[in-house]
Amino acid sequence: MGNRFDFDLAIVGAGPAGSATALAAQRAGINRIALIDRPPMGGRLGLGESAAPPVGPLLQRLGLEGMLDRPDSPHRRYLGNLSSWGNSTLTCEDFLFRLSGHGWHLDRLAFDQSLRQAAAAAGVTPYFDHALQTLSRKAGGWNIVLATSAGNSAQALSARALVDASGRQAVVGRALGMTRQRLDGLVALAVICSPKDPAGLAGRSFIEAARWGWWYATLLPNNQAMVTLMSDDDLIRDQGFRTPEAFAQAWAETRHLKELVSAPPPQASVITVSAASQFSPQAVGAGWLAVGDALIGFDPLTSSGIAGALDDALAAADTLGCWFTQGPQAAIEAAKRYAQRANHSLVRYMDEHRTHYRAEQRWANAPFWQRRHRGIGAAA
């Protein structure tokens, strides 16, 4: 049956979830894999700059042990968090006391590129200048038409199975007629600026709750700081936080951030990125499944985006392995397990999200906090 298809598996999206799924599937014995993605946009700012300690063991399971700690690595060790949450005191939490090892502050573009290169080196066929144009079913699989980033040519291929690893855009899910379920309106307003003393943020991620949301800061490999204001899209619009004046005023009202990082100049570029919690209404279907942000997009407060993506990849490879090597009933049971896993992850996330946000009561009557104290996804 495989001879009727160009590939056994086509993966749309070559971020951490897609590249890791390709690696895990290849290690599971699925050898003809296409990995499809547009090249990263120049200057794109990745907000998932922190990789929590569980990322190390997950990379090891993918055959990438030590990738982040190589002598030439641009990544830095992430030792714990500085936070002002629930009260005005700035506290330090070290991973050492959890006995969980260290995490990493990533050069995110370099991290993604390393995973793509590892997948290509493992024998995965890269289509790194392509995007999904059309998708249709054929007997036992899929017909796929790709467009180049320039849009001046198209390429057709076929695959037995399909993975949606296209991030929050969920292009495969949309092509299959599904609508993402959005649970909140969280948006990140991000700037790059200078810390007053890089040592103050070295090895730490910083979080400070505020009336309109919360602030996040981390030190980048070039010793600049990435700072984001996390708030809801309607509150950002109503308060005018995209204007330099309102953004600077909100910054000035912080207690700890302003002592660690100098406010950006008025002409600084503020990048807007959706950080909404959202999920696919269906995790798996006949001949396809979703991983990473295409499956569940987490609040960045959880620091679980990259770890979740790698864990999804390993679970997806187990499911795909059953599809290709076992009978129809076993394949159905594998799909059910994958769906149940996704549902459990979503329920647990919503419960932990509510618990964490309820720990902050200083602005209980402010709209941002009222919404989260009710519970993510709750009706207004």
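These legends go with a set of close-up views of a predicted model.

**View 1. A sheet of seven strands.**
Let's start with the strands. Seven of them form an open sheet, and their order is β6-β5-β14-β15-β16-β13-β17. The pairing in this sheet is mixed. Strands of a sheet pair through backbone hydrogen bonds, either parallel or antiparallel. At the edges are β6 (91–94) and β17 (271–274), each of which pairs on one side only. Direction ignored, neighbouring strands of this sheet are turned by 20° against each other on average.

**View 2. Strand β16 and its two partners.**
Now zoom in on β16, which covers residues 225–232. How many bridges join β15 to β16? Six bridges do so, and the two strands run antiparallel. Strand β15 spans residues 213–219. Look for W215, which stands opposite L229 in β16, and for L219, which stands opposite A225. A hairpin links β15 and β16, with five residues between the strands. In this hairpin, N223 takes a positive phi near 70°. Strand β13 (residues 186–193) also pairs with β16 in the antiparallel sense, over eight bridges. One pair to find here is I192 with its bridge partner M226 in β16.

**View 3. Strand β16 is covered on both faces.**
Is β16 mostly covered or mostly open? It is mostly covered, as eight of its eight residues are buried. On one side you can find A225, V227, L229 and S231, and on the other M226, T228, M230 and D232. The residues on both of these faces are all buried.

**View 4. Helix α10 against the sheet.**
Here a helix meets the strands of the seven-stranded sheet. Helix α10 packs on this sheet and touches β13, β14 (204–210), β15 and β16. The direction of α10 makes about 75° with that of β16. One residue of α10 to look at is R372. With a relative accessible area of 2%, R372 lies under the 20% cut-off and therefore counts as buried. Leaving aside residues up to four places away in sequence, R372 touches D184, L186, D232, H353, R354 and Y357. Among these, D232 is also one of the buried residues of β16.

**View 5. Helices α9 and α10 cross.**
Next comes α10 (residues 367–374) with helix α9 (residues 328–358). Their axes are 8 Å apart, and the helices pack at an angle of about 135°. The two helices are therefore oblique to each other. What is the handedness of the crossing of α9 and α10? This crossing is left-handed. From α9, residues H353, R354, Y357 and R358 meet F368, W369, R372, H373 and R374 of α10. By class, this contact has three nonpolar, two polar and four charged residues.

**View 6. Helices α8 and α9 side by side.**
The other end of this story is the pair α8 and α9. Helix α8 covers residues 305–325, and its axis comes within 8 Å of the axis of α9. The two axes cross at roughly 165°, which makes α8 roughly antiparallel to α9. Their crossing is left-handed. On the α8 side, the contact is made by D311, D312, A315, A316, T319, C322 and W323. On the α9 side are A331, A334, A335, R337, Y338 and R341. Sorted by class, the residues of this contact are eight nonpolar, one polar and four charged.

**View 7. A sheet of three strands.**
Three strands form an open sheet in the order β3-β7-β4, and the pairing is antiparallel. Its edge strands are β3 (50–51) and β4 (76–78), each pairing on one side only. Between β4 and β7 (residues 103–105) there are three bridges. You can spot Y78 opposite G103 in β7.

**View 8. Two buried loop residues, L68 and H256.**
L68 is found in the loop between α2 (55–61) and β4. Its relative accessibility is 3%, and L68 counts as buried. Not counting residues up to four places away in sequence, L68 touches V55, L59, S73, H75, W104, L106 and F111. H256 lies in the loop between α6 (244–252) and α7 (257–260). Is H256 buried or exposed? At 14% relative accessibility, H256 counts as buried. With residues up to four places away in sequence left out, H256 touches S84, S88, T89, L90, F206 and E208.

Methods. Residues numbered from 1 in each chain as written. Predicted model: local features only at pLDDT ≥ 70, side-chain atom pairs only at ≥ 80, totals over all residues. Heavy atoms only, no water. Axes fitted to C-alpha atoms, helices over the stretch in contact; angles between N-to-C directions. Helix = DSSP H or I, 4+ residues; strand = E, 2+ residues; numbered from the N terminus. Parallel < 35°, antiparallel > 145°, perpendicular 65-115°, else oblique. Left-handed = near helix turned anticlockwise from the far one by under 90°. Contact = heavy atoms within 4.5 Å. Nonpolar A, V, L, I, M, F, W, Y, C, P; charged D, E, K, R; others polar. Pairing = 2+ DSSP bridges. Buried < 20%, exposed > 50% of the residue type's maximum accessible area, 1.4 Å probe, protein only.
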